[in-house]
Amino acid sequence: MQLVLQQGSFFRLSSGKFSVLRYESVIHEFDPYFNYRSTIKLVTEGFHEFWNWFDSDSWYPLGRVVGGTVYPGIMITAAAMYKVLTSMSAWVQLRDVCVFTGPFFAGNTALIAYLFGCELKDRGTGLVAAALMAVVPGYISRSVAGSYDNEAVAIFALLATFYLFVRSVRLGTVSSAALAAFAYLYMAASWGAYVFISNLIPLYVLVMIAIRRYHRRLYVAYTTFWAIGGLLAMQVRFIGSNHVTSHELLSFNVVWLGLQAWELLMWLKARTTTAQFARAIGTTIITAVGAVVGGVVLLTLTGKMTPWTGRFWTLLDPTYAKKYIPIIASVSEHQPTTWSTYVFDVHLLVFGAPAGLYFCFKSLRDSQLFLITFALTAIYFSGIMIRLMLVAAPAFVLLGAIAVSTTLYTYTAHLWEVEPVEGDAAASTAAAAAAGPTPVKKSKSKSASKSGGFAPLPYRRETAILVCALVMFGLVSYSRHCNWVTSEAYSSPSIVLISGWGPYRMVLDDFREAYYWLRHNTAPDARIMSWWDYGYQITSMANRTVIVDNNTWNNTHIATVGRAMSSNESAAYEIMRQLDVDYVLVIFGGLSGYSSDDINKFLWMVRIGGGVYKDHVQEKDFISESSVYKDHVQEKDFISESGEYTIAEGATPTMLDSLMYKASFYDFGNVMTEQGKPTGWDRVRQKEIARKHYELDHIQEAFTSEHWIVRIFSVKDLANRAER
C-alpha cells in the first residue's frame, strides 16, 4: 500500500513537469509573478522587511502596503523550502523552488486524499481517492510546474483542514481539533477561500443538529477549532480582527455562541426541575438571540463590522457583479461554469459523484454527512464561478472514490464465487434424498418469504465481470484524459506562446522580449500605463513602476486607466500627464492571432471606466450604428460583439479616435497578414480595420515586439511655448 501511495505521489509530481520539459523552468500566468517577486523580497531581505514592505513600484502614485494586503502562505512556504535545501548544501535556484512548489504540494494533496478516504470509508477508498486526486484536471490547472499561485498550496490546506476536523469529530479530543485549527491557519494564510471553511463547518454543525445527530464530541471539536483557529487566523495581517467583525464570518461566530447556549441549557436541565428548566430555556433563548442581534446591529451601525464583499454577494447572486462591480465580472475566472468545463475538469467523476452521494446516504455516518455538505455547497458555488472548480474538484474526487471502491467491492466478491457443477449438484441431491427428510425451521427473515424461494439471480459472475470491466475502462479513460489535459491544456505558460503543430510549431516570446526592452531601455523610475492584467509581470520582469496591477484593490484608479484608454488622444494625454505616465503598453493580436489582446478586453475597460466616470465614458459610443440595439444600450448591459462592437467598417468615431484603437492599430494598415486579404486585416476579429492611416499627436511608437503582440509607446513631453 505504501508503494502504491509513493508511486501515485511520484506520478503526480512527474505529470506536473510537462511545462518545464516543453518550455523551460518559468513562472506561469500573471498573479504568480507577484508571488515570485515577494518571495525574492522575503529571502533576500528577511521576514521583517517583507512583512513591513511598502511597494512604491505598484499603483503609482498610491503605492501598496504589501504585508497588510497579501496572503503570505505560499511565499513563506517556498522561502522555507529554499532555506532548508540550501542548508543541506543543495545547489538550487529560488526560481526553481517556486516553479516546483505546485507539483510538490499536489503530491501531498493526494496523500491527504488517501487519509480522508480512509476516514470516510476504508483503505480501498483512500487508495482510489489518492489516485483520482493525483491527476484530476480541476486541481492540475493550478498545480503544474510554474503555477506559483496561492491555490497550489491552498487546496492542500483546505483538504487537510477538512480531514482533520472530521477526524476530530470522530475522536472528540482537543488535540485532534487543535491540529485542524493549525491546518486552518495555513489555509487562512494562503488563500481568501478560507471563508468557505469558516462557513461550511458551521453549516455542517447545523445539519447535524437538524437531523438529531448532535453529540458532545462535535461540541468539543467545534469549540476547540473555533477558539484556536480563530486566534491563529487573526495573526495574518490581511485578516486581523475581521475574523470576528466580518459579516462573511458571522455564521462561524454565531454557531459557536449557539452551542454554548445549548450546552448551558443541558447543564441547567440536569440540575433543575422541569418547571424551572422551562422558565430557564425561554430566558436563555431570548437573551442569546437578543444579544446576537443587538451586537450585530450595533457593530454594523458604528462601522465596526466589515460588510460583505462583492465576490461574496456574487456567489449568492450571480448577476450582482454584472450589475454593480464590472471589474469582478470582467475576470474570466469569475464567469459561470459550463457543462463542458465540468466534463473537461473532472471527466468521469461527473457521473461518479451522484453515485457516491447515493452510497453516502445509504450508510450515513458523521464523516459522510460532512462530505455530502461539502460536496453540495462546493458544486453549487463552482457553477457560479469557474475558479471555484478548484474547491469542487476534491469533493468530486472523494465522492467518485466512494462510488468506485463500493462498486468494485460489491462485484469483485462475485468473481471468486464457485458455482456448483451439474454432476456435483445431482450427487448432492441424491445424498440429501437418501438421508431422509430434514426438519424445516421457520425463517425469521421476511426476505426469504418475499423471494418465494427463488434461487439467486443467474449470471452473477458474468455481470460482475462486465461491471468491473466498465469501471476499469472508465478509469483508464479518466487517466488518459487527465494526462492529455495536463500536457496540452494546462502546461502552456501565458508568458510564452506556441503557434502551429509539429515541425511548423513556432514559439512567440514577445512578452519577455518587451519586458527585457523595458528593463534595459527605459529610465529606472519610468512609469508604465497598461491594463491591470499585465501589472504584476511588468513590475517583476521589467522592474518598472506601474499605474495599476492585478491586485485590483482600487476600482477608481483602474477606472481612470480605463477612461484614458477609451478617450481620444488629447483627453487621454491630460490623464496620463496627471498620472506622470512615461510609456503606454498595449497587447495586440491582430497580426499573430492572439485572441486575448486588449481590443477584445476593451469593452470591459469602457464598462469599468463608465462605472466611475459616467459623464465621460458611455458604452453606447463604441457600438456600431448598424446595430438594431443602438438606442437601447446601457453601460450595465453585456453586448455581443457581432454587429455591435467592431473595429471594421461601421465603427463609431469614438471607437476610432480612442487611444486603445490608435495604439493597437498604428501602422497596421500597411501590413498584409494573410494571403488574399487586404492590408490591415485583423486575424483575431477576421475583419479589415476601418481606419488604416493616421498620425499620433501625443504618443510615439517606442517598441513593437517581433510578432506585434506587445506594443509600447512613449508619452511626449509638453511642447515649449516657442514651438506652439
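Author: Buried here means under 20% relative accessible area, exposed means over 50%, and partly exposed is in between (1.4 Å probe, protein chains only). The model is predicted: local features need pLDDT of at least 70 and side-chain atom pairs count only at pLDDT 80 or more, while totals for chains, interfaces and linings use all residues. Residues are numbered from 1 along each chain as its sequence is written, and side-chain values use heavy atoms, with hydrogens and water left out.

Reader: Why is V297 called partly exposed?

Author: Its relative accessible area is 42%, and a value between 20% and 50% is classed as partly exposed. V297 belongs to helix α16, residues 274-301. Helices (H or I, at least four residues) and strands (E, at least two) are DSSP runs, numbered from the N terminus.

Reader: What makes the nonpolar surface patch that includes V297?

Author: I285, V289, V293, V297 and L301 make it, with an area of about 470 Å². Patch members have over 30% relative accessible area and no salt bridge; like charges are joined within 9 Å, nonpolar side chains (Val, Leu, Ile, Met, Phe, Trp, Tyr) within 5 Å. The areas come from the Shrake-Rupley method with a 1.4 Å probe, and for residues only the protein chains shown count as cover. V297, at 42%, is over the 30% limit.

Reader: What makes a nonpolar core, and which residues have the most contacts inside the largest one?

Author: A core is a set of buried Ala, Val, Leu, Ile, Met, Phe, Trp, Tyr and Cys residues joined through side-chain atoms within 4.5 Å. The largest has 201 residues, and F165, F370, F374 and M529 have the most contacts inside it. Helix α10 (residues 151-171) gives the largest share of this core, 15 residues.

Reader: Which residues is F370 in contact with?

Author: With neighbours within four places in sequence left aside, F370 is in contact with F116, F162, F165, V166, L200, I201 and Y204. Contact means heavy atoms within 4.5 Å.

Reader: How do you know that β10 and β11 pair?

Author: Two strands pair if DSSP finds at least two bridges between them. Five bridges join β10 (residues 699-704) to β11 (residues 710-715), so the pair meets that rule. The two strands run antiparallel, and F703 has I712 in β11 as its bridge partner. The hairpin has five residues between the strands, and there W708 takes a positive phi near 65 degrees.

Reader: Why is I709 called buried?

Author: Its relative accessible area is 0%, and buried means under 20%. I709 sits in the loop between β10 and β11. Not counting residues up to four places away in sequence, I709 touches L497, L508, D510, F511, V586, I587, F588, S592 and Y594. F588 is 121 residues from I709 in sequence, yet the two are 4.7 Å apart in space, C-alpha to C-alpha.

Reader: What makes β6 and β10 edge strands?

Author: The open sheet has five strands in the order β6-β5-β7-β11-β10, with mixed pairing. β6 (545-546) and β10 each have a single partner strand, so one side of each is left without a neighbour in the sheet. The partner of β6 is β5 (residues 527-529), parallel over two bridges, which just meets the minimum of two. R527 stands opposite T545 in β6.

Reader: Is T545 buried or exposed?

Author: Buried: 7% relative accessible area is under the 20% limit. Beyond residues up to four places away in sequence, T545 touches S56, D57, Y60, A526, R527 and I528.

Reader: Why is the contact of E45 with K41 called a salt bridge?

Author: The rule asks for a side-chain nitrogen of Lys or Arg within 4 Å of a carboxyl oxygen of Asp or Glu. In this pair the closest N and O atoms are 2.9 Å apart, so the pair satisfies the rule. E45 and K41 are four residues apart in helix α3 (residues 31-45), which separates them by about one helical turn. E45 is partly exposed at 42% relative accessibility, whereas K41 is buried at 17%.

Reader: How many salt bridges does the rule give?

Author: The count comes to 24. Among them is the pair R691 and D657, at 2.8 Å from N to O. This pair links distant parts of the chain, 34 residues apart: R691 is in the loop between β9 (687-688) and β10, and D657 is in helix α32 (residues 653-657). R691 is partly exposed at 27% relative accessibility, and D657 is partly exposed at 29%. D149 and R142 also meet in a salt bridge, at 3.1 Å from N to O, and both are buried.

Reader: Which residues are linked with D149 in a network of salt bridges?

Author: R142, E151, E333 and R387 are linked with D149 in that network.
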